[in-house]
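The following exchange examines how some descriptive terms are applied to a structure. Each answer sets a computed value against the relevant criterion.

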Amino acid sequence: MAEEQAGFEIEGRFYPMPQSFRLGDPVIVTHLTGMTWAQFVDALDDKDRQEDPVVLLGLIAVAVWQANPRWTRERTERYVEQLDIG
């Protein structure tokens, strides 16, 4: 049986969890979360912080941006900032 893919379902669309990061991804993460890239990466490795809404915002932003490569960073940021926290 295949393992279920990790990711985020948003408005009926599935966004896979990023498996790797692109050079521009740290920019959107830093801009949205206020965390440095090093802080963000450390948080991803910390089981207690992985569910932090700020860390999730960074991951969701990267997932959405990677799935919509023609979107600008600003459009992606506006989109994820409007999502319900639930």
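Q: Why is Asp25 counted as buried in this predicted model?
A: The relative accessibility of Asp25 is 0%. Buried means under 20%, so Asp25 counts as buried.

Q: What makes the contact of Asp25 with Arg22 a salt bridge?
A: The side chains of Asp25 and Arg22 meet at 3.4 Å, N to O. The criterion is a side-chain nitrogen of Lys or Arg within 4 Å of a carboxyl oxygen of Asp or Glu, so the pair qualifies.

Q: Why is Arg22 called partly exposed?
A: Arg22 has a relative accessible area of 35%. Partly exposed lies between the limits of 20% and 50%, so the term applies to Arg22.

Q: How do you know that Arg73 forms a salt bridge with Glu77?
A: The closest N and O atoms of Arg73 and Glu77 are 3.3 Å apart, and the cut-off is 4 Å, so the pair meets the criterion. The two residues are 4 residues apart in helix H4, which means that about one helical turn separates them.

Q: What makes Arg73, Glu74 and Glu77 a network?
A: Salt bridges link Arg73, Glu74 and Glu77. Arg73 meets Glu74 at 3.5 Å, N to O, and Arg73 also forms a salt bridge with Glu77.

Q: Is Glu77 buried or partly exposed, and what of Glu74?
A: With 6% relative accessibility, under the limit of 20%, Glu77 counts as buried. Glu74, with a relative accessible area of 38%, is partly exposed.

Methods. Residues are numbered from 1 along each chain as its sequence is written. This is a predicted model: local features need pLDDT of at least 70, side-chain atom pairs count only at pLDDT 80 or more; totals for chains, interfaces and linings use all residues. Side-chain values use heavy atoms; hydrogens and water are left out. Buried means under 20% relative accessible area, exposed over 50%, partly exposed in between (1.4 Å probe, protein chains only).
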